Amino acid sequence: MPTPTRSELIDHLVRTRIAGAVATPRENNLDHYRKLANGDRRYWLGLELGNRWTDEQDVLAVMAERCGVSDDLNHRAGQDHIDPELTADALDRMANVLRKAAESRQRVLFATGHPGALLDVHRATAAAMRAAGCEVVRIPGGLGADEGCVVQFADVAVYEGGATLWHTHSPNPMAAILDGLLREGRPLPDLVVADHGWAGCAAQRGIDAVGYADSNDPALFLAEAEGTLQVAVPMDDHVVDPRYYEPMTAYLLAAAGLSTEA
């Protein structure tokens with residue numbers, strides 16, 4: 001996959017609706033911001049937000065700043081946006097984290113709650129980090145969470161139930177991994193590269209973490225604003241073709257100084 005320039009990446013993000021005019025409607029964004037502010041822990045993604053974000057307008061302000069959604073309080077329905085420049089900026093920040101991890105030969109854990117879209121993003125990143133000398137954490141066997149199993153293949157931890165990989169925002173699968181490592185007397189990861197509850201849980205436990213998040217999932221952006229999470233990358237996390245993420249992954253790895261051939 002040729003590495004796009006920043007301008008080529010931004011054009012691609014908009015064309016494929018990874019950013020720009022994304023599919024997630026304004027109504028859904030505002031509904032999730034409100035539920036987070038009202039204390040619904042399903043939207044906290046494993047983070048402990050306390051009473052710091054009880055005003056949905058404060059949540060909206062952070063999402064406008066870090067994700068690029070409209071900050072117009074009167075815009076209640078219809079199209080909303082993710083700013084592709086902010087996506088590229090966040091990818092650059094994530095690349096800096098990956099570069100430092102590779103230089104230090106850190107132990108890195110990869111996980112996704114979006115296997116239908118982001119599995120190959122994480123797989124390619126894991127392969128590049130392994131090639132750079134990092135240890136990709138192998139999760140313990142026999143882990144369960146949320147009435148399913150936590151398994152790993154292609155170096156990426158995922159949630160499985162009934163012989164099917166499941167989409168989940170729950171923090172419980174990541175908690176099962178970290179608790180399992182501790183039970184076995186193994187070191188925790190130095191860095192977690194994940195999304196949603198997987199990233200939120202790791203960050204809340206004090207592990208350096210970076211993650212991808214959609215415009216209707218504000219918790220990771222709040223965590224980055226507070227310094228709990230290192231980087232939250234704003235993007236539509238399930239576009240129609242997972243191969244649309246390949247140029248984004250190539251850009252990320254090249255910016256990190258990692259091989260894009262993995």
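1. A good place to start is helix α7, residues 196-204, which lies across strands β9 and β10 (208-213). If you trace directions, helix α7 runs at about 150° to β9. Please keep in mind as you look around that this is a predicted model.

2. Now find the sheet beneath your starting point. Five strands make up an open sheet, and reading across it gives the order β4-β3-β9-β10-β11, with parallel pairing. The edges are held by β4 (135-136) and β11 (231-234); each has a single partner strand, so one side of each is left without a neighbour in the sheet.

3. How is β9 joined to the strands beside it? Strand β3 (residues 107-110) and strand β9 (residues 191-195) run parallel and are joined by three bridges. Within this pairing, V108 stands opposite L191, and L109 has V192 as its bridge partner. Between β9 and β10 there are five bridges, and these strands also run parallel. There, V193 of β9 is partnered with V210 of β10.

4. Are the residues of β9 buried or exposed? Five of its five residues are buried, which makes β9 a mostly covered strand. The side chains are worth a look as well: L191, V193 and D195 point one way, while V192 and A194 point the other way. Residues on both sides are buried.

5. Next, step back and view the whole protein chain. You can count nine helices and eleven strands in it. Its radius of gyration is 17 Å, close to the 18 Å that the globule rule gives for 262 residues, so the chain is as compact as a globular protein of that length. Along the principal axes, the C-alpha atoms fill a box of roughly 50 × 40 × 35 Å.

6. A few totals help to fill in this overall view. Of the 262 residues, 54% count as buried. The accessible surface comes to about 10700 Å², and carbon and sulfur atoms account for 47% of that surface. Contacts also tell you how the chain folds back on itself: among those between residues at least 6 apart in sequence, 68% join residues at least 24 apart.

7. Two helix residues make a nice pair to study side by side. N29 is found in helix α2, residues 26-37. With a relative accessible area of 0%, N29 is buried, because buried means under 20%. Leaving out residues up to four places away in sequence, N29 touches T24, V69, D80, S215 and N216.

8. The other helix residue is E56, found in helix α3, residues 56-66. Its relative accessible area is 26%, so E56 is partly exposed, a class that lies between the 20% and 50% limits. Which residues does E56 touch, not counting residues up to four places away in sequence? They are L30, Y33, R34, A37 and R76. For a sense of distance, compare E56 with V137: they are 81 residues apart in sequence, and their C-alpha atoms are 37 Å apart in space.

9. On to the cysteines. How many disulfides does the count give? The count comes to zero. C201 is in no disulfide, and the nearest cysteine sulfur, that of C149, is 18 Å away. The cut-off for a disulfide is 2.5 Å between the sulfur atoms, so that distance does not qualify. C201 counts as buried at 6% relative accessibility, and C134 counts as buried at 5%.

10. Finally, look at two loop residues and their backbone angles. Most residues other than glycine have a negative phi. Against that background, D146 catches the eye, with a phi near 50°, a positive value in a residue other than glycine. D146 is found in the loop between β5 (143-145) and β6 (148-153), and at 35% relative accessibility it counts as partly exposed.

11. D155 also belongs on your list. Its phi is near 70°, again a positive value in a residue other than glycine. You will find D155 in the loop between β6 and β7 (156-161). At 24% relative accessibility, D155 counts as partly exposed.

Terms used: Residues numbered from 1 in each chain as written. Predicted model: local features only at pLDDT ≥ 70, side-chain atom pairs only at ≥ 80, totals over all residues. Heavy atoms only, no water. Helix = DSSP H or I, 4+ residues; strand = E, 2+ residues; numbered from the N terminus. Buried < 20%, exposed > 50% of the residue type's maximum accessible area, 1.4 Å probe, protein only. Contact = heavy atoms within 4.5 Å. Pairing = 2+ DSSP bridges. Axes fitted to C-alpha atoms, helices over the stretch in contact; angles between N-to-C directions. Rg over C-alpha atoms; globule rule 2.2 N^0.38 Å. Areas by Shrake-Rupley, 256 points an atom, 1.4 Å probe, with all protein chains shown as cover.
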